[in-house]
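Got a few minutes to poke around a protein model? Let's do it as a quick back-and-forth.

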Amino acid sequence: MDYILLLYMNTVLFCSCSSSQPNFALFADDLGFGDLGCYGHPSSITPNLDRLAAGGLRFTDFLCTSPVCSPSRASLLTRRYHTLSGIYPVVLYPGSIGRPCLLNETTIAEVLKPLGYATAAVGKWHLGVGANGKFLPTRQGFDEYLGIPYSHDMGPCWNLTCFPPDVKCVGTCDIGTVTVPLMHNEIIKQQPVNFLDLERAYSDFATNFISTSAKKKQPFFLYYPSHHTHYPQYAGPGATGKTLRGKFGDALLEIDNTIGNVLTTLEKTGVINNTLIFFTADNGPELMRMSRGGNAGPLKCGKGTTYEGGMREPAIALPGTIRPGVTHEIASTLDILPTIASLAGARLPQVVLDGVDMTEMLVHQGKSKRRTMMFYPTDPSEKRPVFALRLGKYKAHFYTRGATHSGTTPDHDCPVFALLKAHDPPLVFDLEADPSENYPLSLEERPDLQALLERIKKVKDQFEDIPWVFGESQISKGEDPDLEPCCNPQCSPRPSCCQC
C-alpha cells in the first residue's frame, strides 16, 4: 500500500499506491451518527459517502476520545489520549498561549516522513497557531497546508456571507477577535476568508496534491479535516439549495462533492485500487443548533457529553483488499496511527501508545484488538479523570453530565442544566440491546451483573493505576490577543484592521 488518504470531517480517508505507502485523510466537523444517508438519514444527500459505504467497510461502533474538537484531533494524530498532552479543558483558541501537544508528540505525518511520503493537510487544524506559526501543520511533519487554523466560528461572522448570493451567516460567532484567516503554509492569503469559495479551494488543493504525488510515484499522506458541518454552516453555489435538509444538508452535500472529486482524481491517476480511504468525525452533533446542528440518530445526547451521541461517530473504510460489509467491532480514532504505520511499514513512536492496529479488521473483517475505551469529559482532572468506559458491548457511566452544546433536546439528561452526578455503582448499559442508553441494567433483576461490575472496576483501576503523566493543561494557560493571526500585524486598531 503506497498512499494513505485520511478524511476527517470529522472525516478520515486513507489512500495507498504501488510506489510506497501513502495516506490521505478527510475529517468532518460536528457530524452526528445519524447524519449520513448510509447511516439512515432520510433527507441527507451524500452519494459519494454512500458509494464508499456500499463498497467498503462501515463501522457501527467507532469512537472518538473527546466530545469536542481540539482534544479529539490531537488523539487522532498521535494515538494518545489528550490528557497526556494537556489538550484540555475544551479547545484551543486563536490566541492560545499554551504549547500544544504535537511539539512533544509524533504525528502520523512524522511517522511517515522517513519513508519518503509527501504529506499535506487541508482544512481545519485547531491544534494551535503560536508566535510566527510555530504550532501549525508545517511544524508537525506536513510539507504543505491550506486552511483555517482553528474553528471557523472563532471570529466575527455576523456580516460575512455563508450562502450565495448574499445570505449572511447565522449568529455573530466570536466577536472581539480577528476575522478568520485562510492560510497557505504559514502565510495568510485571505482575511476574512471567503466561505463561498472555500471548499472549491480545498478541493483543488487536495486533488492537485494527489495528482502531483501520483505523477512523481511518491507515496502520500493527505489529512483533510473539513470545516463542514460545524456552525456556522456555509456552502458555495454548487451545493446551495440542492438538498431537502436546508442549510445543514447543503453544507454536507458540499463536502460530499469534494469527496467525489477526490475519488475521481484517485481513479484518473490510477491509484484508486491501492488506496485505503477512511472517513470519520471528531465528535458528535451540536444539538443546541437544533436542525442546523446535526443528528445523533438513535444515540443519546451529542457534542460535549460522554453519552454515545457525543462519542460514537460514523466511520467508513475503503481499502482495495476487503469485501464490502458492516463491522460491529469496537474501534477508535486512536487506532488510525498504528494502522497506518502497519500498512506503510513505518516504525511506531517509542512511547506508550493507546491505539491498536486495525489491519485485521480492515483486510479480513476480523476481530478488533480493542476491548475497552475510556471516555473523558471536556474538562478531565486527576480527581475525576474517566467519566465512562466501554467494555465489549457494555458501557459503564461513573459520572454523567449535560452540556451547553447538547441543549434544546427534549432529553433532560443532555442540556447544561443536567448537573454533574456521580454513580456508585456505575450506570451500566447493554449497548447492543439499548444503544440509546435509556435503560440501565438492574442488579436486583440481574444478580449475575455483579461479576460484570467487578470486571469493569478492575479494568478502570488497571487503567488509572498506569503511571500516566496527567499533562499540564495547555489551554488553561490563557490567551494573548497578539498571537491571533493578522495579515497586517502592525496595523491599528486591532482586531478590526486585520483584513487583506
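Here are some questions and answers on this predicted model.

Q: How do helix α4 and helix α5 run relative to each other: roughly parallel, roughly antiparallel, roughly perpendicular or oblique?
A: Let's start with the numbers: α4 covers residues 195-216, α5 covers residues 246-268, and they pack at an angle of about 20° with their axes 10 Å apart. Angles under 35 degrees count as roughly parallel. So α4 and α5 come out as roughly parallel.

Q: Is the crossing of α4 and α5 left-handed or right-handed?
A: Two packed helices get described by the angle between their axes and the distance between the axes. Handedness is a further detail here, and α4 passes α5 in a crossing that is right-handed.

Q: Which class, nonpolar, polar or charged, has six residues in the contact of α4 with α5?
A: On the α4 side, the contact uses Glu-199, Ser-203, Ala-206, Thr-207, Ile-210 and Ser-211. The α5 side brings in Glu-254, Ile-255, Thr-258, Asn-261, Val-262, Thr-265 and Leu-266. Sort them by class and you get two charged residues, five nonpolar ones, and six that are polar.

Q: What is the phi of Lys-217, the residue in the loop between α4 and β10?
A: Most residues other than glycine have a negative phi. Lys-217 sits in the loop between α4 and β10. Its phi is positive, near 55°.

Q: Which residue does a cis peptide bond join to Pro-164?
A: Most peptide bonds are trans. This one is cis, with omega about 0°. The partner lies in the loop between β6 (161-163) and β7 (167-168), and the residue joined to Pro-164 is Pro-165.

Q: What is omega for the peptide bond from Tyr-231 to Pro-232?
A: Pro-232 is found in the loop between β10 (220-225) and α5. The bond leading into Pro-232 from Tyr-231 is cis, and omega is near -10°.

Q: How many nonpolar residues are in the lining of the largest pocket?
A: This pocket holds about 340 Å³ of space. It is lined by 18 residues, with Gly-130, Asn-132, Gly-133, Pro-485 and Cys-486 nearest its centre. By class, the lining has four charged residues, three polar ones and, for nonpolar, eleven.

Q: How many charged residues are in the lining of the second largest pocket?
A: The second largest pocket has a volume of about 280 Å³. It has 15 lining residues, and His-328, Ile-330, Arg-390, Gly-392 and Glu-432 are closest to its centre. The lining splits into three nonpolar, three polar and, for charged, nine.

Note on methods. Residues are numbered from 1 along each chain as its sequence is written. This is a predicted model: local features need pLDDT of at least 70, side-chain atom pairs count only at pLDDT 80 or more; totals for chains, interfaces and linings use all residues. Side-chain values use heavy atoms; hydrogens and water are left out. Axes are lines fitted to C-alpha atoms, for helices over the stretch in contact, and angles run from 0 to 180 degrees between N-to-C directions. Helices (H or I, at least four residues) and strands (E, at least two) are DSSP runs, numbered from the N terminus. Angles under 35 degrees count as roughly parallel, over 145 as roughly antiparallel, 65 to 115 as roughly perpendicular and the rest as oblique. A crossing is left-handed if the near helix is turned anticlockwise from the far one by less than a right angle, and right-handed if clockwise. Contact means heavy atoms within 4.5 Å. Ala, Val, Leu, Ile, Met, Phe, Trp, Tyr, Cys and Pro count as nonpolar, Asp, Glu, Lys and Arg as charged, and the others, Gly among them, as polar. On a 1 Å grid over the protein atoms alone, a cavity is a set of points where a 1.4 Å probe fits but cannot get out, and a pocket is an open set with protein on both sides within 12 Å along at least five of seven lines; lining residues have an atom within 4 Å of a point. Grid points are joined across faces, edges and corners, and a volume is the space filled by probe spheres set on the points.
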